[in-house]
Amino acid sequence: MKNDHLLEINNLNSGYGAIQVLWDINLELKSKEIVCIIGANGAGKSTLLKNIVGMVIPFKGEIKYFNQNITNLPAPERIKRGIGFAPEGRHLFFGLTVEDNLLMGAFQRKYSKKEILSDLDFVYNLFKPLKGYRKKFAGNLSGGEQQMCAIGRALMSKPTLLIIDELSLGLAPVVVDDLIETIVKLRDKEGITILIVEQDVQVALDVADRGYVLESGHSVMQDSSDKLAKNKHIKTAYLGIA
Amino acid sequence: MGLGLQMFVNALLLGGLYALMGIGFSLQWGISGIINLSYGAMVLLGSYLSLIIFNMFHIDPFISMFVTGAILFLLGAFIYRFTLQPLLKGGIVFTLIVTFAIRLIIENIILLVWSADYRTIRVSYAGSNFQFLGAFVPLTKFLTFIIAGVIIYLTYQFMMNTKIGKGIQAVALDKEGAMAVGVDDQKMYLINFALGTALGGVTGTLWATIYSFSPHVMDVIIGRVFIIAILGGLGNIWGAAAGGLLLAFVETSGAIFIGSHWQEAIGLVIMVLVLLLRPHGLIGKKFFG
Ligand SMILES: Nc1ncnc2c1ncn2[C@@H]1O[C@H](COP(=O)(O)OP(=O)(O)O)[C@@H](O)[C@H]1O
Ligand SMILES: [Mg+2]
């Protein structure tokens with residue numbers, strides 16, 4: 001099946017051992033879209049992302065990337081092919097400096113000294129505060145800076161598809177605004193396709209073109225952000241508007 | 001003064017081997033998450049393998065250590081891949097049971113092939129020695145100390161400056177973060193475990209040029225490496241090296257001032273003291289971050 005989808009998920013069923021978390025999930029991403037997945041805590045959003053990255057292998061179903069079946073491909077291979085991941089909770093290497101964290105992001109790449117320096121520069125230009133903290137331990141950064149470092153680390157793998165789990169969690173509103181601006185810029189200027197999980201539905205619909213709604217492991221709705229924002233169910237259940 | 005210097009030199013020479021031996025165990029525990037109860041058996045395999053090579057081919061242990069290191073590396077990789085990795089989900093208790101079973105198997109093989117008798121490898125220059133500032137230094141002990149130091153340094157460089165070393169660092173610091181950047185976590189645990197086994201095996205080979213050995217030594221080794229790893233902080237290379245040196249100094253001076261039958265107890269007392277005062281070990285840092 002040839003189409004213009006960068007990523008396509010068909011009938012995905014997944015979970016952990018005997019516990020099933022996701023049922024019959026379908027999702028597709030076109031190149032250069034920004035798409036969000038929203039849903040309550042425990043709905044299975046992170047599990048879905050981990051399936052895409054290869055950190056969890058599904059029970060059933062299919063994941064296609066660039067029209068190739070990657071369902072059982074190991075995570076390192078997927079990252080090599082251009083899937084960058086900023087995990088929930090960031091999972092930075094606290095014992096390393098900011099710069100070493102960023103360099104770790106390029107683990108799956110082969111690069112020359114010159115290339116890597118220009119890639120670091122790119123990240124430092126995108127996230128100005130990080131530059132001053134290059135030699136600082138990642139564990140000493142504020143929450144917002146840590147998120148920048150985590151996204152920067154994911155960018156160091158030179159992703160075609162950037163996946164961010166919980167963009168705004170625990171961050172001040174001004175910081176979130178900056179991050180949103182950066183994400184839109186990454187799509188507009190760099191042509192990176194972006195998939196984010198976001199619990200703050202207002203934020204999610206602000207930044208994304210389209211969204212999927214996950215409830216207890218089922219994908220219950222998908223639409224453009226505008227339409228989702230006007231949807232009655234979304235308004236009452238997620239936006240707190242009666 | 002003469003006695004003091006001699007004691008210092010003796011402790012230092014012993015400490016080099018303790019450091020090397022402790023690092024292997026500490027890496028396995030602190031990074032791969034496996035408390036390897038077969039570690040003593042693996043060290044002894046290093047001794048016996050170099051004994052065979054010495055008896056059959058007359059190859060000096062200081063040369064055959066490359067072979068024993070390589071064999072023990074492969075053995076460690078094999079054991080991790082086929083016994084430990086499949087059982088990791090079972091938790092720490094499973095790894096204890098498995099490594100204890102491996103210890104028993106290796107012990108029985110050794111008993112079968114070599115019996116419980118004490119063995120020695122006597123190289124032609126075993127009796128050579130020299131004076132250093134008035135202290136007496138046996139040549140073989142001096143060589144083992146230098147080699148142990150070089151191997152420890154190379155191990156550290158491997159961890160800090162190679163791609164695989166960085167991958168091992170990453171999984172040690174944050175497994176999820178490592179997976180997120182495309183580090184194959186199981187591959188890193190395997191290589192790290194195999195490396196620890198190889199360090200143990202090489203220690204055994206070096207050891208065999210100085211001391212006689214028998215299967216009983218296994219338990220002595222396990223007792224020592226537990227103390228060294230905990231003294232140094234798990235998974236910490238320089239910590240384990242410091243722990244090895246400290247234990248050697250404590251044992252050597254304790255043997256002189258308190259009595260050699262208290263040697264084991266002194267080591268344990270120091271370990272408990274460190275646990276109470278510095279729960280993360282002497283260096284006080286997780287891994288070498
Ligand atoms: N490693 C795991 N092992 C077992 N169950 C898990 C694991 N991770 C998540 N779960 C369970 O899967 C469900 C979905 O979790 P998750 O995907 O993290 O949801 P979300 O990201 O939407 O909050 C939850 O019920 C959670 O308890
Ligand atoms: Mg989540």
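Where does Asp24(A) sit in chain A? Its place is in strand 2 (residues 19-30) of that chain, a strand being a DSSP run of E with at least two residues and numbered from the N terminus. This is a predicted model, where local features need pLDDT of at least 70, side-chain atom pairs count only at pLDDT 80 or more, and totals for chains, interfaces and linings use all residues. Residues are numbered from 1 along each chain as its sequence is written, and chains are lettered from A in the order in which they are written.

**Unusual backbone spots**

- Most residues other than glycine have a negative phi.
- Asp24(A) isn't a glycine, yet it has a positive phi of about 45°.
- At 41% relative accessibility, Asp24(A) counts as partly exposed (buried means under 20%, exposed over 50%, partly exposed in between, with a 1.4 Å probe and protein chains only).
- Asn67(A), also not a glycine, has a positive phi of about 65°.
- Asn67(A) belongs to the loop between strand 4 (60-65) and strand 5 (68-69) of chain A, and with a relative accessible area of 25% it is partly exposed.

**Chain B as a whole**

- Chain B has eleven helices (DSSP runs of H or I, at least four residues) and two strands.
- With a radius of gyration of 19 Å over C-alpha atoms, close to the 19 Å from the globule rule (2.2 Å times the number of residues to the power 0.38) for 289 residues, chain B is as compact as a globular protein of that length.
- Its C-alpha atoms fill a box of roughly 55 × 45 × 35 Å along the principal axes.
- Of the 289 residues in chain B, 54% are buried.

**Helix 6 of chain B**

- Helix 6 (residues 163-173) is mostly covered, with eight of its eleven residues buried.
- Among the buried ones are Gly165(B), Ile168(B), Val171(B) and Leu173(B).
- The buried residues of this helix pack against helix 3 (98-104) of chain A, as well as helix 5 (139-161), helix 7 and helix 8 of chain B (contact means heavy atoms within 4.5 Å).

**The largest pocket**

- About 650 Å³ of space lies in the largest pocket.
- A pocket here is an open set of points on a 1 Å grid over the protein atoms alone, where a 1.4 Å probe fits, with protein on both sides within 12 Å along at least five of seven lines.
- It is lined by 21 residues (each with an atom within 4 Å of a point), and Met55(A), Lys175(B), Met179(B), Asp185(B) and Gln186(B) lie nearest its centre.
- Helix 7 of chain B gives the largest share of the lining, three residues.

Terms used: Heavy atoms only, no water. Points joined across faces, edges and corners; volume = space filled by probe spheres on them.
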